Amino acid sequence: MRISLLFVFLIQLNFGFAQQKFDRAAVSKFQQQINSEYADPEKSPLMEEDLATFKTLDFYPANEKYFVTAKFVRTKKEKPFEMKTTGERTPLYVKYGEAHFTLEGKKLKLNIYRNIALSEKQEYKDYLFLPFSDLTCGKESYIGGKYIDFKIPKGKTIVIDFNTSYNPYCAYNHKYSCPIVPLENDLDVEIKAGVKKFHD
């Protein structure tokens, strides 16, 4: 994902980070704005032939069940590592913390990461990255998983709204190099929320 196209992250800045409770209108606005970006030839990751017929992405219905307040555990003394991508690029990330929560009666954990290069830029110094996959991936959702962006939380909890999870750009166009979801972030549960897969 190119830094210049972190539009979805900026949407999350406006609608996700200050949210303390589920807001269906915020999810709707997120969907409208991501559709607006993808319809814009100057910003869209879509291939030319897909852009020509694009009307909307396919979303799961907004569902309060997938808005969770997780316990946030800051992990310290983590060493930066090269995150694998769909291309040759290996950007440096560091594990920043863990999100612990319960969904569908299962206790789950997701690792949250910080991009080293982005953290050195003033406008992204508080940027955190959550890639994940679940049992819908390869079926209703993109096989490579989905992403959510955050700001560094100030307390011991972090809100995860899976309704605003989105596909990496390589789900739409092979020219992009996208981080591959680490195995530890593969959830043994269905997350029927966010953007669905683009092509069958």
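This is a stop-by-stop tour of a predicted model, with something to select at each stop.

**Ground rules**

Residues are numbered from 1 along each chain as its sequence is written, and side-chain values use heavy atoms, with hydrogens and water left out. In this predicted model, local features need pLDDT of at least 70 and side-chain atom pairs count only at pLDDT 80 or more, while totals for chains, interfaces and linings use all residues.

**Stop 1: the whole chain**

Select the protein chain and show it as a cartoon. Four helices and seven strands make up its secondary structure. Helices (H or I, at least four residues) and strands (E, at least two) are DSSP runs, numbered from the N terminus. From start to end the pattern reads α-α-α-β-β-β-β-α-β-β-β.

Switch to C-alpha atoms. They fill a box of roughly 45 × 35 × 30 Å along the principal axes. The radius of gyration is 16 Å, which agrees with the value near 16 Å for a compact globule of 200 residues. That radius is taken over C-alpha atoms, and the globule rule is 2.2 Å times the number of residues to the power 0.38.

Now color by accessibility. Of the 200 residues, 50% count as buried. Buried means under 20% relative accessible area, exposed over 50%, and partly exposed in between (1.4 Å probe, protein chains only).

Turn on the surface. The accessible area is about 10,500 Å², and 49% of it belongs to carbon and sulfur atoms. Areas come from the Shrake-Rupley method with a 1.4 Å probe; for residues, only the protein chains shown count as cover.

Contacts come next (heavy atoms within 4.5 Å). Among those with a separation of 6 or more, 64% join residues 24 or more positions apart.

**Stop 2: the largest core**

Select Ile 34, Tyr 38, Leu 57 and Tyr 172. These have the most contacts inside the largest nonpolar core, a set of 24 residues. Two elements, α2 (24-39) and β5 (127-132), each give two or more residues to this core. Helix α2 supplies the largest share, three residues. A nonpolar core is a set of buried Ala, Val, Leu, Ile, Met, Phe, Trp, Tyr and Cys residues joined through side-chain atoms within 4.5 Å.

Center on Tyr 172. Beyond residues up to four places away in sequence, Tyr 172 touches nine listed partners, including Tyr 38, Pro 45, Leu 57, Val 195 and Phe 198.

A second, separate core has 23 residues, among them Leu 108, Ile 112, Val 189 and Ile 191. In soluble globular proteins, nonpolar side chains tend to be buried together.

**Stop 3: Gln 31**

Stay on helix α2 and pick Gln 31. Buried or exposed? Gln 31 is buried, because its relative accessible area is 18%. Leaving out residues up to four places away, Gln 31 touches Phe 59 and Tyr 60.

**Stop 4: Leu 110**

Go to strand β4 and select Leu 110. Leu 110 is buried, with 0% relative accessible area. Its contacts outside four places in sequence include Gly 97, Phe 101, Leu 130, Phe 132, Phe 162 and Leu 187. Draw a C-alpha distance from Leu 110 to Phe 132: 7.6 Å in space, 22 residues in sequence.

**Stop 5: two positive phi angles**

Most residues other than glycine have a negative phi. Two loop residues here do not.

- Lys 77 has a positive phi of about 60°. It sits in the loop between β1 (67-74) and β2 (81-82). Lys 77 counts as exposed, at 85% relative accessibility.
- Glu 104 has a phi near 55°, also positive. Look in the loop between β3 (92-103) and β4 (106-115). Glu 104 counts as partly exposed, at 45%.

**Stop 6: Glu 140 and Lys 197**

Select Glu 140, in the loop between β5 and β6 (146-151). Glu 140 is partly exposed, at 32% relative accessibility. Which residues does Glu 140 touch, not counting those up to four places away in sequence? The partners are Tyr 60, Lys 192, Lys 196 and Lys 197. From Glu 140 to Lys 192 the C-alpha distance is 8.5 Å, across 52 residues of sequence.

Hop to Lys 197, in the segment after β7 (157-161). Lys 197 is partly exposed, at 25%. Besides Glu 140, Lys 197 touches Gly 138, Lys 139, Ser 141, Tyr 142 and Asn 167, again leaving aside residues up to four places away. Finish with a long line: the C-alpha atoms of Lys 197 and Gly 97 are separated by 28 Å.
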